Amino acid sequence: METTITTPDDMISYWKSLLEHGKKFVLHGDLWAGKTTITKWIAAWLGISIESIQSPTYTYIHIYEEKLLHIDMRRIETEQQFLHLWLIDLLDQYEYIVVEWPKREEHWKGTTWQRITIQQHAWVRICTRTRI
């Protein structure tokens, strides 16, 4: 399902509708497409302060108030790194999970995971949702 988003209110409405379909997301998109911003909206919906949300690019993961697991796999190159960071074990411990730059999609298969692809065109975002 493809959705065109032109305002912040559009994005908030879009994410509220996605949360009705699942709580685990893998986000694809270029730099500055809005992946971490989306995580902020999910956090706000969960009652977590958006000021605390940061991209986990250099730390790989952030856990917010034991409610939201936020993973960034951009710098993870191998299966060994993925397993060494215990990421696979964390996936079963959190109800809400956002993964930026997902790799090895066999880890994300299941009825609860949604793949969101964000395409940026100037100030417009086109988001496509599919089940993995």
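Good morning, everyone. The protein I am showing today has a secondary structure that comes to 4 helices and 7 strands, and please keep in mind throughout that this is a predicted model. If you follow the chain from the N terminus on, the elements run β-α-β-α-β-β-α-α-β-β-β. Of the 132 residues of the protein, 44% count as buried, and the accessible surface comes to about 7,300 Å², of which 54% belongs to carbon and sulfur atoms. If we take the contacts between residues at least 6 apart in sequence, 58% of them join residues at least 24 apart.

Let me turn to the sheet. In what order do the strands of the open sheet stand? The 7 strands follow the order 1-7-6-2-5-4-3, and their pairing is mixed. Strand 1, residues 2–5, and strand 3, residues 61–64, stand at the edges, and because each has a single partner strand, one side of each is left without a neighbour in the sheet. On average, and ignoring direction, neighbouring strands of this sheet are turned by 20° against each other.

Now I would like to walk through some of the pairings, beginning at the side of strand 3. Strand 3 and strand 4 pair in the antiparallel sense over 4 bridges, and within this pairing the bridge partner of Tyr64 is Leu68 in strand 4. These two strands make a hairpin with 3 residues between them, and in that hairpin Glu65 takes a positive phi near 50°. On its other pairing, strand 4 joins strand 5 in the parallel sense over 5 bridges, where His70 stands opposite Val98 in strand 5.

Strand 4 deserves a moment of its own. How many of the residues of strand 4 are buried? For strand 4, residues 68–72, the count is 5 of the 5 residues, so the strand is largely enclosed by the rest of the structure. As a reminder for those who are new to strands, the side chains in a regular strand alternate between the two faces of the sheet. In strand 4 both faces are covered, with Leu68, His70 and Asp72 buried on one side and Leu69 and Ile71 buried on the other.

Moving along to another pairing, strand 6, residues 113–121, and strand 7, residues 124–131, run antiparallel and are joined by 8 bridges. Here the bridge partner of Gln119 is Ile126 in strand 7. Helix 1, residues 8–19, lies across strand 1, strand 2, strand 5, strand 6 and strand 7, and it runs at about 5° to strand 7.

One residue of strand 7 that I looked at in detail is Arg125. Is Arg125 buried or exposed? Its relative accessible area is 17%, and since buried means under 20%, Arg125 counts as buried. Leaving out residues up to four places away in sequence, Arg125 touches a list of residues that includes Thr3, Met11, Trp32, Ala33 and Ile118. Thr3 is 122 residues away from Arg125 along the chain, and yet their C-alpha atoms are separated by 8.3 Å. The side chain of Arg125 also reaches the backbone oxygen of Ala33, at 2.5 Å.

My last stop is Phe25, which has its place in strand 2 and which, at 0% relative accessibility, counts as buried. If we leave aside its neighbours within four places in sequence, the residues in contact with Phe25 include Trp15, Leu18, Ile42, Val98 and Ile116. Ile116 is 91 residues from Phe25 along the chain, while the C-alpha atoms of the two are separated by 6.9 Å.

Finally, a word about the rings. The structure holds 3 aromatic pairs, and one of them is formed by Trp15 and Phe25, which meet edge-to-face at 5.0 Å centre to centre, with 70° between the planes. This pair links distant parts of the chain, since Trp15 belongs to helix 1 and Phe25 to strand 2, with their positions 10 residues apart in the sense of being 10 residues apart. Both Trp15 and Phe25 are buried. Together with Tyr14, they form one aromatic cluster.

Technical notes. Residues numbered from 1 in each chain as written. Predicted model: local features only at pLDDT ≥ 70, side-chain atom pairs only at ≥ 80, totals over all residues. Heavy atoms only, no water. Pairing = 2+ DSSP bridges. Axes fitted to C-alpha atoms, helices over the stretch in contact; angles between N-to-C directions. Contact = heavy atoms within 4.5 Å. Buried < 20%, exposed > 50% of the residue type's maximum accessible area, 1.4 Å probe, protein only. Polar contact = N/O pair within 3.5 Å; in protein donor to acceptor, adjacent residues only side chain to side chain. Areas by Shrake-Rupley, 256 points an atom, 1.4 Å probe, with all protein chains shown as cover. Phe/Tyr/Trp six-rings, centres within 6.5 Å; stacked < 30°, edge-to-face > 60°.
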